[in-house]
Amino acid sequence: METFTDDQHCFVCGQENPQGLRLRFRKGEGSAEADVVFPAFLQGWQDTVHGGALATVLDEVMVQAVMSTGIRCVTAEITVAFKKPAATGKPYLASGRVLETRGRLATAEGVVRDEAGTVYAKASAKFLRVG
């Protein structure tokens, strides 16, 4: 694959994916955020969001933050720290911000927190510029 085309079927943000989360990101220069409610089909343990679903949303919010600077990118490396179990069916805020861009690489951090500000998961990642 040499080109990356957005056909709106991304599992996280694709508005044409009926099984996806269809998140809508609010972007600033080097930042992005979205409200998310994880449906029950993304649970691990009963009523608990699967860690992979949290990691996926963190990945996407950081990608969106990098793309807000005009850089098209893919994830090269991601590290996720799970702080607290998140519940399905509850509202959370996913936010990301760019830390640095240098050459073909960008670094960013992301967090998922509830309305009270409690952090459930944090991530840092490196992104590779494409196109």
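Which residues does arginine 97 touch, not counting residues up to four places away in sequence? In this predicted model, where local features need pLDDT of at least 70, side-chain atom pairs count only at pLDDT 80 or more, and totals for chains, interfaces and linings use all residues, the partners are Gly30, Ser31, Ala65, Ala108 and Glu109. Residues are numbered from 1 along each chain as its sequence is written, and side-chain values use heavy atoms, with hydrogens and water left out. A contact here means heavy atoms within 4.5 Å.

Arginine 97 belongs to strand β4; strands (E, at least two residues) and helices (H or I, at least four) are DSSP runs numbered from the N terminus. Its relative accessible area of 43% makes arginine 97 partly exposed, a class that falls between buried (under 20%) and exposed (over 50%), with a 1.4 Å probe and protein chains only. Along the chain, arginine 97 and valine 63 are 34 residues apart, and their C-alpha atoms are separated by 9.2 Å.

Helix α1 is a good place to turn next. The helix has 17 residues and reaches 24 Å from its first C-alpha to its last, close to the 24 Å expected at 1.5 Å a residue, where the expected span is 1.5 Å times one less than the number of residues. Of these 17 residues, 12 are buried, among them Leu54, Leu58, Met62 and Val66. The buried residues of α1 pack against β1 (26-28), β2, β3, β4, β5 and β6.

In soluble globular proteins, nonpolar side chains tend to be buried together. The largest nonpolar core (buried Ala, Val, Leu, Ile, Met, Phe, Trp, Tyr and Cys residues joined through side-chain atoms within 4.5 Å) has 34 residues, of which Leu23, Phe25, Phe38, Met62, Val66, Tyr92 and Phe127 touch the most other members. Two or more residues come from each of β2 (31-37), α1, β4 (91-102), β5 (105-113) and β6 (119-129), and α1 supplies the largest share of this core, nine residues. Leaving aside neighbours within four places in sequence, methionine 62 is in contact with residues including Ile78, Ala108, Ala123 and Phe127.

The largest pocket is an open set of points on a 1 Å grid over the protein atoms alone, where a 1.4 Å probe fits, with protein on both sides within 12 Å along at least five of seven lines. Its lining, meaning residues with an atom within 4 Å of a point, holds 18 residues, of which Thr5, Asp6, Cys10, Glu60 and Met67 lie nearest the centre. Helix α1 gives the most to this lining, with four residues.
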